[in-house]
Each structure stands twice: as structure tokens, then as C-alpha cells.
Amino acid sequence: MSVKQRTETLARPVRRSVRTLREERAAYAFLLPSIIGTAAFVLLPILMSLILGFTSWNPVKSISEIQFSGLENFKTMLGDERVKAAIVNNIKYTITYVPITIILATIFAALLNKLVYGKVPLRMMIFMPYICSLVSVAVVWTVLFYPTEAGPVNAILHNVFGVEDVPKWFTSSKYAMAGIIAMSIWHDVGYYTIIILANMQGLSQDVYEAASIDGASRFQSFTRVTVPMLKPTLFFCVTLATINSFKVFDQINIITEGGPRFATTVLVQAIYYYAFKEFKFGYASAIAVVLFVLVFAVTLILQKIEKKFSD
């Protein structure tokens, strides 16, 4: 075969075999249910919320009653005390919940990674709250932090520590958000601990041996070796925790319903209130659009910070 014939042969497009085509079709067939579900229950609701955010519609009425209102819903939000309180509370919740949760998860992961005995039971104890239903957890915490001296926590504060004016906890605007944050940290810290621990166990031991030879202590090895090598994992956990912090709803709706006096009202709870209690679907959708923009903006900022620290 001449050089010209070989060149023409190599230049011909490689035809895929019948078996390859069948495998591709089978792969797409397995993906189809997931694609349909994502389109129907994620993409379509997002698109509908974006459209309804510029309308005025009561779902009790027919779809034909939908009226285009332009930016009126967004203008109304500027003077809405519930929405303004929700944004402030969401920010407070995020800047408190995220760092404490990730720091505790990193510490727990480091301790579990160094332990020789009792690793499995301790992992189960830390991870167990996360697999519990938030509804059941919220009910238990409501009982534990009952606002009078009859509650277990207040009974200990009063009888053991001699506190006369016990906190009202979830019925007090001063302590309600702190109680919600504490419950959320207790519930979620195990999840992030497992993620960090799994990546921590995959780190190369040669680096630790080199650090030990150079005279680094355990604390120095952790701060100057472990943490820098876990940067991608930690940024992933921070991003995930931040997104989840903006979606907090269950525990707040069960325990306080956003009260007292908007002290625990967050954006998702405000969306629920206006959509299913006042039946203002257009206005609730506008708040959902604001929530989406906030989460998207925060995610982009975190990605830029990650790239800056990775360089």
C-alpha cells in the first residue's frame, strides 16, 4: 500500500459498530427517566417561577386570571417587612451556620482519622442525626428547649446552675434564631464530617512523614499540611453548606413558623407564607427569583475565592 493510500485510509471517518450504537442507545434509555424527572420537577418549576414573578395571580382563580404586573412585585418587596427581615435572617443564619459547621466537621474528621479504637461507633453517633427526619428532630428540640422550667434544659439551668430567669428559647426573639442554628449544626455536622474524613483518608502519608522528619508537631501538620491539601474539599463543603443554608425551612416552619415577630423568618418560609397562606403566587414567585439570584451570586463569589486560593 502506497503512502497516498494509507493517508486516505487514515483520513476516512471511523464508522461506529452496531454494538457501539446499541450501547449508546441503551445508555440514553437509562438516562431518559432522570432527564424527564429533572425537566419536569426542576427546570419547569424554575421557568414557571421566573414567569410568575412578573405576574399577579391567585391560584384559587383560573389560569386565565393571570395578570402581567411587570416589576410591581419586586417594588412591593422593598417595603415588605417580612421579606426584609427574611433576607437579614438568612444572612445571619448563613454566616453563623456555615463556618461553625465546617470547622466542627473538620475537627471531628481529624479526630476520627487519628483514632485507633471506636471509629465505627463514633462515626455512627456523629452521622446518626443527619439521617433522622428533620420533623422528628424539630419536635424533640422543641420539647428539650421548652420555654418554662418544666423543659429539660431549663430545668437543669434552674435546678443545677441556679438560673432564675430561664431563657424562653424558641418563643423569644432573642434566642429563637440561635436555637434554630444550633439544631441545624447538630443535625448536619455529621454529613460534612463524613465527606471531609473520606478525603482526609486519601491524603498521601509521605507528606506527613516528611513533616515529621522536619520536626513538625501534630498541630502544625494539621494546619500546614492537612488543611491546605483539603482546600478543594473544604470549599466544596462550604459551597454546599451555603446553598443549604439559604434553603432552610423545615425546622423553622415546624418550631417557630417564622416568629416571634419575624425573628426566624427566612426567604423560603416567606415564599411558603405568601404562596400557601395568602395565595399570592406571583409575589411568592418573585421572592423565589430573588432567592435564586442570591444563591447564584454567592456561589459565583465562592468559586472565584476558591480559584484565587488555588492559584
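This is a chat about two helix pairs in a predicted model.

Biologist: Let's start with H13 and H14. At what angle do their axes cross?

Modeller: Roughly 165°, and the axes come within 8 Å. H13 covers residues 267–276 and H14 covers residues 281–310.

Biologist: So what does that make H13 relative to H14, roughly parallel or roughly antiparallel?

Modeller: Roughly antiparallel, because the angle is over 145°.

Biologist: And is the crossing left-handed or right-handed?

Modeller: H13 passes H14 in a left-handed crossing.

Biologist: Which residues meet there?

Modeller: From H13 you have Leu267, Val268, Ile271, Tyr274, Ala275 and Phe276. Facing them in H14 are Phe281, Tyr283, Ala284, Ile287, Ala288, Leu291 and Leu294.

Biologist: How do the residues of that contact divide into nonpolar, polar and charged?

Modeller: The contact of H13 with H14 has 13 nonpolar residues, no polar ones and no charged ones.

Biologist: OK, switching to H5 and H8. How far apart are their axes?

Modeller: They're 6 Å apart, and the helices pack at an angle of about 125°. H5 is residues 119–131, and H8 is residues 176–200.

Biologist: Why do you call that pair oblique?

Modeller: About 125° lies between the 115° limit for roughly perpendicular and the 145° limit for roughly antiparallel, so H5 and H8 are oblique to each other. H5 passes H8 in a left-handed crossing.

Biologist: Which residues make the contact?

Modeller: On H5, Arg123, Ile126, Phe127, Pro129 and Tyr130. On H8, the list includes Trp186, His187, Asp188, Tyr191 and Leu197.

Biologist: How many are charged in that one?

Modeller: In the contact of H5 with H8, 2 are charged, alongside 8 nonpolar and 3 polar.

Note on methods. Residues numbered from 1 in each chain as written. Predicted model: local features only at pLDDT ≥ 70, side-chain atom pairs only at ≥ 80, totals over all residues. Heavy atoms only, no water. Axes fitted to C-alpha atoms, helices over the stretch in contact; angles between N-to-C directions. Helix = DSSP H or I, 4+ residues; strand = E, 2+ residues; numbered from the N terminus. Parallel < 35°, antiparallel > 145°, perpendicular 65-115°, else oblique. Left-handed = near helix turned anticlockwise from the far one by under 90°. Contact = heavy atoms within 4.5 Å. Nonpolar A, V, L, I, M, F, W, Y, C, P; charged D, E, K, R; others polar.
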